[in-house]
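This report describes selected local features of one protein model, for a reader who meets it for the first time. Please consult the sequence and the structure shown here.

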Amino acid sequence: MSLEIKKAAVLGAGVMGATIAAHLTNAGIECYLLDIIPFELTDADKKQGLTEKSPAWRNRFAANGLAGVTKSKPASFYTKKNASMIKIGNLEDNIKLLADVDWVCEVVVENLKIKQELFAKVEKVVKPTCIVSTNTSGIPIKDISAKFSADLKKRFLGTHFFNPPRYMKLMEIIPGVETDKAIVDYMCKFSEQTLGKGVVIAKDVPNFVGNRIGSFDLSNAQRIAFDNKYRVDETDAIVSKAIGRPGTALFGTLDLVGLDIGMHVQKNLYDAVPDDESRDMFLPLPFAQKMIENKWLGNKTKQGFYKKTKDAKGKSVKLMLDMETLEYVPATKPKFNSISAAKKKENVADSMKTVFFADDRAGEFVREYLCKNFIYAANRIGEICDDIMAIDNAMKWGYNHKLGPFESWDAVGVKEAIEVMKKMKLKVPKKVDEMLKKGCESFYATKADGKYYYDFEKKGYVKIEENPRIIILPDLKSRSKVVKENGSASLIDIGDGVVCLEFHTKMNSIDEGLTAMQTEACEIVEKDFVGMVVANHDERSFSAGANVFQVLTAAQMGQWDLIEKGVEALQGVNMRMKYLSKPVVTAPAGLALGGGCEIAMHGARCLPNGETYMGLVEVGVGVIPAGGGCKELLVRLTEGIPDGLIEQGFNLQYHMGKAFENIAMAKVSTSAAEAMELGYIRKSERINMSRDQQIYEAKQLVLSLVSAGYKPPKPALIPVMGENFRGMVNAILQNMYYGKFVSEYDLYVSKKVAYVLSGGDCAEGTYVREQEILELEKEAFVSLCGEKKTQERIMYMLTNGKPLRN
């Protein structure tokens, strides 16, 4: 059977269904979004002249779902234009639309009878090769498919997205007993490569893997806090980044999810797992029902475990719930010695271990919390999934934990944790005792030929199968594949004659060492390799821009030559990279700001991850882009204009205005697709969906350029507007200043931007060389660094982490 998903249908236009449909469009897949017909006409409908035959009424639920997801925050679409790839309808009039889709994903209400009735209709319409799935989070797959034909059962499975689908990596795939293995394999590959997901294969049991372990984790932490009288703020200071939890901690996460949803999941789980040894953990705590009654559900009702209010002076005050009195009291910032010490550790494993063995209240909490989590996770192997990696990955990808339960157990020490369990009179799983008796002292092990995990069924280590599409730079470093490195960056051989330039300063910020390594990398590639990728594994940033502290220090000391040389070095190496005889593919992901954006713009090609937040933001600290950003943005925004039109007096106002707006307003894209709309990335580029596979795909792009006989581009000639552009922009800026929309210094900096983009003192229609714009960039940057207000802005940014408007 040849399988390929080009068009899909999502049945159910609630929040989850609509956001799944949105993410399918992010992956380039056209989608139908269908829902039920409203139950009856309202008086408002009748006043509008709607009847039961009106499409606007019949498609209302789907239309509302699409309208809601278009406005959602954080954004569900990479770009709002993607909404045009969704066609709405209803499940009565439009069910026949399913005849031409390759995948039907059901996301209707969690009611077995309703799902079965819907699938009975679906089965009559879909083509024989169509994959059919359910997004259920609690109803067994075997029950939903009980009345299916044998043929449909082969093509049916669970595809459980986590909310919000664009941002949450986890995809649980739940095969039915009769699901064709080829379907399962294809959906795993499709989910990873096309949708950018991390796949966990789950068994057909209540709440599958992520929500089974995650529900226990959250319930366990709440119960420890309540039973041992830890305040809400104390708990969140402990169950925090120090032990690898997300920044929202425990109660912040519960407020984000919604207390009603959490209670619903817990109740369903309690009813569904009568044989679970820790079933009582899912019973609600005394305060929970009262919170539900009071509608203190979290962020959506503006109060839950936390609440924001204002004091007598109008100042915002954060309150927290006292779980015993159910009154709101001021939230504080509790300090624990172990948490403070943990924050100083370089990695989360060391941080977690520090708190686990600490002799303070945080240590007491974490020992009980983690030990119970460890035991519960070990007891679920074989029941909910086949191996420890599935549980670890589910918690990392679905709950944003830095380490899964078994990785965490390794971090604190398996033997050491068992000693703690015994002191706490907790029942240690026999399978773990057996593991230790066999001489296996950790759940994961690294050997000469790769990484291994402990398999409880095989009672020994099993090698982790390597995915050839995932290139892990630290692994290559450990295998002596480093070609050259310094304290700021490394050049790593990733095979087939291709190297990867990896930054590793804080936030991958650009400093002298990074620029030096970028320069050396170009020289090495020119002589010894076929091409280069510029990428890293940093979860947050490709590069957050220049090290502004170094710029500030040089400016305060009047070292203008040093600043000028730094600008020339960055401009020079970016131009060297752009015109290298060997192809360079930049692969940004996360933040690509300021100088980071400029580096990303100077490759032969750019392969951005979908979650790339890109922009030239230098005006925020009172300077302008000076690493070639102004120049390269002009190149991109004008390169499609035929020369003949320029000679005929083509009006460049729109193109120049867009470049000015991007830079002067420090516009940052919310996705790679939006970066294309802004002009930071060419629209001809392809977007990578899987961050795990981005370096591999970038490498393949390098090799394809090589095989096609790569030649560097011809030097660009940029059409500019000269004095006419400056006159137009300056008039607008002056009006904005008089209207108090911009400060006097914003006005000053923006005029510098306009001068650079105008091409300097020349007439409209003049063509300028790239170097001419680079010289204007440098001159403006250095002069602005000498301004007191620029130095104040840089200091404010360094101190407060946000720009100052003065």
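N400 is found in the loop that runs between α17 (388-399) and α18 (405-412); helices (H or I, at least four residues) and strands (E, at least two) are DSSP runs, numbered from the N terminus. The phi angle of N400 is near 60°, a positive value in a residue other than glycine. With a relative accessible area of 43%, N400 is partly exposed; buried means under 20% relative accessible area, exposed means over 50%, and partly exposed lies in between (1.4 Å probe, protein chains only). The model is predicted, so local features need pLDDT of at least 70 and side-chain atom pairs count only at pLDDT 80 or more, whereas totals for chains, interfaces and linings use all residues. Residues are numbered from 1 along each chain as its sequence is written, and side-chain values use heavy atoms, with hydrogens and water left out.

**Backbone geometry**

A249 also has a positive phi, of about 55°, although it is not a glycine. This residue is found in the loop between α10 (232-238) and α11, and A249 is buried, with a relative accessible area of 10%. Cis peptide bonds occur as well: one joins K73 and P74, with omega about 0°, and another joins N163 and P164, again with omega about 0°. P74 lies in the loop between α4 (60-71) and β3, while P164 is placed in the loop between β6 (156-161) and β7 (170-175). As background, most residues other than glycine have a negative phi, and most peptide bonds are trans.

**Salt bridges**

A search of the whole structure finds 50 salt bridges, a salt bridge being a side-chain nitrogen of Lys or Arg within 4 Å of a carboxyl oxygen of Asp or Glu. Examples are set out below.

| Pair | Closest N and O atoms |
|---|---|
| K7 and D100 | 3.0 Å |
| E770 and K631 | 3.3 Å |
| D761 and R726 | 3.1 Å |

K7 lies in strand β1 (residues 7-11) and D100 in the loop between β3 (86-90) and β4 (103-106), so their salt bridge ties together parts that are 93 residues apart in sequence. D100 counts as partly exposed, at 36% relative accessibility.

E770 belongs to helix α33 (residues 770-785) and K631 to helix α26 (residues 629-638), so this pair ties together parts that are 139 residues apart in sequence. Both E770 and K631 are buried.

The pair of D761 and R726 links distant parts of the chain, 35 residues apart: D761 is in the loop between α32 (744-758) and β25 (766-769), and R726 is in helix α31 (residues 723-738). D761 is exposed, with a relative accessible area of 59%, whereas R726 counts as buried at 13% relative accessibility. Elsewhere, R212, D276, E277, R380 and E383 are linked in a network of salt bridges.

**Helix faces**

In helix α20 (residues 430-437), V432, M435 and L436 are buried. These residues cover an arc of only 95° around the axis, which puts them on the same side of α20; the arc is that of the directions from the helix axis to the C-beta atoms. On the other side of α20, K430 and K437 are exposed.

Helix α23 (residues 548-556) has V551, L552, A554 and A555 as its buried residues. Seen down the axis of α23, they fall within an arc of 165°, so they line one face of the helix. F549 and Q556 are exposed on the other side of α23. In general, an α-helix has 3.6 residues a turn, so residues three or four places apart point the same way.

A544 is found in the loop between β19 (541-543) and α23, and is partly exposed, with a relative accessible area of 27%. The C-alpha atoms of A544 and C597 are separated by 8.2 Å, and these residues are 53 residues apart along the chain.

**Distant positions**

S480 lies in the loop between α21 (473-478) and β15 (482-485), and counts as exposed at 66% relative accessibility. S480 and V273 are 207 residues apart in sequence and 50 Å apart in space, C-alpha to C-alpha.
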